[in-house]
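Let's take a walk through this structure together, going from how helices cross to how single residues sit. Have the viewer open as you read.

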Amino acid sequence: MDMKKYAAEAIGTFWLTFAGCGSAVIAAGFPQVGIGLVGVSLAFGLSVVTMAYAIGHISGCHLNPAVTVGLAAGGRFPAGQILPYVIAQVCGAIVAAELLYIIASGAPGFDVGKGFASNGYDAHSPGQYSMIVCFLTEVVMTMMFLFVIMGATHGRAPAGFAPLAIGLALVMIHLVSIPVTNTSVNPARSTGPALFVGGWATAQLWLFWVAPLIGGALGGVIYRWLSEEPAGVVAGVKTA
């Protein structure tokens, strides 16, 4: 049963990374009909909505190490399951980035050094934002993301609408923070593309692990203080 959960997390994170980063790499700036910042934001949000309905009942559909840590900090996920979930998520993101690289490199003039949807700060921030500002942005955005997730999956929240609330929250996060960091709030999503870009992307990857994990834990703890009961484990089906 646990292996099915890990497989679901890997597949779900694959879809989030491939669809979200793929929209940025392939479709965002396509001449005359590119989807732009709004389209990329929607792609990330829709990837979460679709997977939440597809695998939420299997694994809880975290798709993000910061979500897994945040839910554990909020008392809604067993701490002993954090590591295997995170490993599955990172593996899914790396496979997605590899497939995206294969597809994107088929276009004339493709240059992975242009960013490949990687996250960055200072000179590698889309808007040239400083490291401190980027760190703060990632902490706050991830904190609020976890706050929404904790509330939407609460026992008293309207049943069946959690995927929509969570997906729309991710859309809003991207609309605000793409110019700042290219939006991470997800260490797995950041790791996949960074490994193919190398150089500055892997050197700056630490921020996109540390800041989202801090933000996720804060969001989980704050919501737990605000509304602890009723609580429910966000882990899909029960372990055998």
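A crossing of two helices is called right-handed if the near helix is turned clockwise from the far one by less than a right angle, and left-handed if it is turned anticlockwise. With that in hand, look at the model, which is a predicted one: the crossing of helix 1 and helix 7 is right-handed. Two packed helices are described by the angle between their axes and the distance between the axes. For helix 1 and helix 7, the axes come within 10 Å and cross at roughly 60°. An angle of 65 to 115 degrees would count as roughly perpendicular and one under 35 as roughly parallel, so helix 1 is oblique to helix 7. On the helix 1 side the contact is made by Thr13, Leu16, Thr17 and Cys21, and on the helix 7 side by Ala188, Arg189 and Pro193. By character, these residues divide into 4 nonpolar, 2 polar and 1 charged.

Helix 7 has another partner to look at. The axes of helix 4 and helix 7 come within 8 Å and cross at roughly 40°, which means that helix 4 is oblique to helix 7. Here, too, the crossing is right-handed. Helix 4 brings Gln89, Val90, Ala93, Ile94, Ala97, Glu98 and Tyr101 to the contact, while helix 7 brings Ala188, Arg189, Thr191, Gly192, Pro193, Leu195 and Phe196. The residues of this contact divide into 9 nonpolar, 3 polar and 2 charged.

Now for the interior. In soluble globular proteins, nonpolar side chains tend to be buried together. Which residues touch the most other members of the largest nonpolar core? In this core of 43 residues, they are Leu71, Phe145 and Ile166. The elements giving two or more residues to the core are helix 1 (2-27), helix 2 (36-59), helix 3 (65-73), helix 4 (82-104), helix 5 (131-152), helix 6 (162-181) and helix 7 (187-197). A second core, separate from this one, has 7 residues, among them Cys134, Val139, Val180 and Ala211.

Ile166 is worth a closer look. Setting aside neighbours within four places in sequence, Ile166 is in contact with Val48, Phe145, Val148, Ile149, Ala152 and Thr153. Under the same condition, Ala162 is in contact with Ala152 and Thr153. Ala162 lies in helix 6 and counts as buried at 14% relative accessibility. Between Ala162 and Ala52 there are 8.4 Å in space, C-alpha to C-alpha, although the two are 110 residues apart in sequence.

Next, move to the loop between helix 6 and helix 7, where Thr183 is found. Is Thr183 buried or exposed? Thr183 is buried, its relative accessible area being 0%. Leaving out neighbours within four places in sequence, the contacts of Thr183 are Asn119, Glu138, Ile173, His174, Ser177, Ile178 and Arg189.

The loop between helix 6 and helix 7 also holds Val185. Most residues other than glycine have a negative phi. Val185, not a glycine, has a positive phi of about 50°, and is buried with a relative accessible area of 1%. Gln128 has a positive phi as well, of about 60°, and is not a glycine either. Gln128 sits in the loop between helix 4 and helix 5 and is exposed, with a relative accessible area of 53%.

Key:
Residues are numbered from 1 along each chain as its sequence is written. This is a predicted model: local features need pLDDT of at least 70, side-chain atom pairs count only at pLDDT 80 or more; totals for chains, interfaces and linings use all residues. Side-chain values use heavy atoms; hydrogens and water are left out. A nonpolar core is a set of buried Ala, Val, Leu, Ile, Met, Phe, Trp, Tyr and Cys residues joined through side-chain atoms within 4.5 Å. Buried means under 20% relative accessible area, exposed over 50%, partly exposed in between (1.4 Å probe, protein chains only). Helices (H or I, at least four residues) and strands (E, at least two) are DSSP runs, numbered from the N terminus. Contact means heavy atoms within 4.5 Å. Axes are lines fitted to C-alpha atoms, for helices over the stretch in contact, and angles run from 0 to 180 degrees between N-to-C directions. Angles under 35 degrees count as roughly parallel, over 145 as roughly antiparallel, 65 to 115 as roughly perpendicular and the rest as oblique. Ala, Val, Leu, Ile, Met, Phe, Trp, Tyr, Cys and Pro count as nonpolar, Asp, Glu, Lys and Arg as charged, and the others, Gly among them, as polar.
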